[in-house]
Amino acid sequence: MELSNYIDTIPDFPRDGVAFKDITPLLRDQTAYSFALDKIEEKFSGTKIDYIAGIEARGFLFASALADRLNCGLIPVRKAGKLPGDVLTEKYQLEYGSAALEIRKDSVPSGARVLIVDDVLATGGTAICAANLFQEIGADLVGFAFIISLSFLKGEQKLDAYRTVILVRYE
Ligand code: AMP
């Protein structure tokens with residue numbers, strides 16, 4: 001199965017100059033979606049994982065199914081201002097300006113093994129931000145899983161120190 005056949009590239013979305021990778025064709029094809037989950041599951045079978053963390057919003061679409069398959073808890077990593085209660089906030093730089101991600105401070109116990117999941121790895125800023133949040137509360141990062149990497153943006157290099165699974169690369 002060639003997963004790239006189920007990913008659309010939308011030019012100039014959400015703004016000029018961005019080639020947006022749309023995973024909705026992959027989601028609506030039961031075989032392709034299941035195949036993508038199989039591939040990630042396979043790569044981490046035999047690895048001890050306690051929690052799967054999904055990055056808002058498209059990361060949730062893969063993280064939740066994977067958490068169920070791998071018998072893990074699911075942790076939503078949310079954009080700033082969405083989570084109630086005692087949260088930890090970490091800022092990161094965007095091309096224009098900055099953004100922030102949050103997790104609950106009691107998301108996972110210290111030493112818990114966490115796998116972070118998102119749809120697309122671009123510059124790696126989002127992924128590193130999520131990693132910092134979990135490290136701050138003492139989690140043990142198992143690594144990352146992405147459906148897509150935009151390799152030319154060199155995000156993978158930022159994640160060099162971690163185990164990173166990628167299903168489709170765009171050079
Ligand atoms: P980055 O922090 O640069 O690695 O960007 C990754 C985040 O932005 C992920 O949550 C992606 O969903 C989103 N993203 C960045 N670039 C794209 C793109 N070309 N197509 C779809 N999503 C993208």
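**Exercise 1. How many bridges join β4 to strand β6, and in which sense do they run?**

Before we start, keep in mind that you're looking at a predicted model.

Step 1. Find strand β6, residues 98-104, and put β4 beside it: two bridges join them, and the strands run antiparallel.

Step 2. Pick out a pair of residues. Take arginine 78: its bridge partner in β6 is glutamate 102.

Step 3. Now look at what else β6 pairs with. β5 and β6 are antiparallel too, with seven bridges. Here glutamine 93 stands opposite serine 98 in β6.

Step 4. Check the turn. The hairpin of β5 and β6 has four residues between the strands, and glycine 97 takes a positive phi there, near 85°.

**Exercise 2. Work out the order of the strands in the open sheet, and say which ones stand at the edges.**

Step 1. Write down the order. Seven strands make up the open sheet, running β5-β6-β4-β3-β7-β8-β9, and the pairing is mixed.

Step 2. Go to the two ends of that list. β5 (87-93) and β9 (163-170) each have a single partner strand, so one side of each has no neighbour in the sheet.

Step 3. Add the twist: on average, neighbouring strands of this sheet are turned by 20° against each other, direction ignored.

Step 4. Find a parallel pair. Strand β3 (residues 51-55) and strand β7 (residues 113-121) pair that way over four bridges. For one of the partners, go to tyrosine 51, which is bridged to valine 114 in β7.

**Exercise 3. Find out which strands helix α2 and helix α3 lie against, and how the two helices cross.**

Step 1. Start with helix α2, residues 30-44. Helix α2 packs on the sheet and touches β7, β8 (140-150) and β9, with its direction at about 150° to that of β9.

Step 2. Move on to helix α3, residues 58-69. This one lies across β3, β4 (73-79), β7 and β8, and runs at about 165° to β3.

Step 3. Put the two helices together. α2 and α3 pack at an angle of about 60°, and their axes are 10 Å apart. That makes α2 oblique to α3. Their crossing is right-handed.

Step 4. List who does the touching. From α2 you get Tyr33, Ser34, Leu37, Asp38, Ile40 and Glu41; from α3 come Leu61, Phe62, Ala65, Leu66 and Arg69. Sort the residues of this contact by type and you end up with seven nonpolar, one polar and three charged.

**Exercise 4. Hunt through the loops for backbone oddities: where are the cis peptide bonds, and which residue has a positive phi although it is not a glycine?**

Step 1. Begin in the loop between β1 (8-11) and β2 (19-22), where proline 14 lies. A cis peptide bond joins phenylalanine 13 to proline 14, with omega at about 0°.

Step 2. Now try the loop between β3 and α3, which holds alanine 57. Glutamate 56 and alanine 57 are joined by a cis peptide bond as well, and omega is about -5°.

Step 3. Then visit the loop between α3 and β4, the place of asparagine 71. Asparagine 71 is not a glycine, yet its phi is positive, at about 55°.

**Exercise 5. Zoom out: describe the make-up of the protein chain and decide how compact it is.**

Step 1. Count the elements: five helices and nine strands.

Step 2. Read them off from the N terminus, and you get β-β-α-α-β-α-β-β-β-β-α-β-α-β.

Step 3. Compare the radius of gyration with the globule rule. The protein chain has 15 Å, close to the 16 Å that the rule gives for 171 residues, so the chain is as compact as a globular protein of that length.

Step 4. Finish with a box: taken along the principal axes, the C-alpha atoms fill roughly 40 × 40 × 30 Å.

Key:
Residues numbered from 1 in each chain as written. Predicted model: local features only at pLDDT ≥ 70, side-chain atom pairs only at ≥ 80, totals over all residues. Heavy atoms only, no water. Pairing = 2+ DSSP bridges. Axes fitted to C-alpha atoms, helices over the stretch in contact; angles between N-to-C directions. Contact = heavy atoms within 4.5 Å. Parallel < 35°, antiparallel > 145°, perpendicular 65-115°, else oblique. Left-handed = near helix turned anticlockwise from the far one by under 90°. Nonpolar A, V, L, I, M, F, W, Y, C, P; charged D, E, K, R; others polar. Rg over C-alpha atoms; globule rule 2.2 N^0.38 Å.
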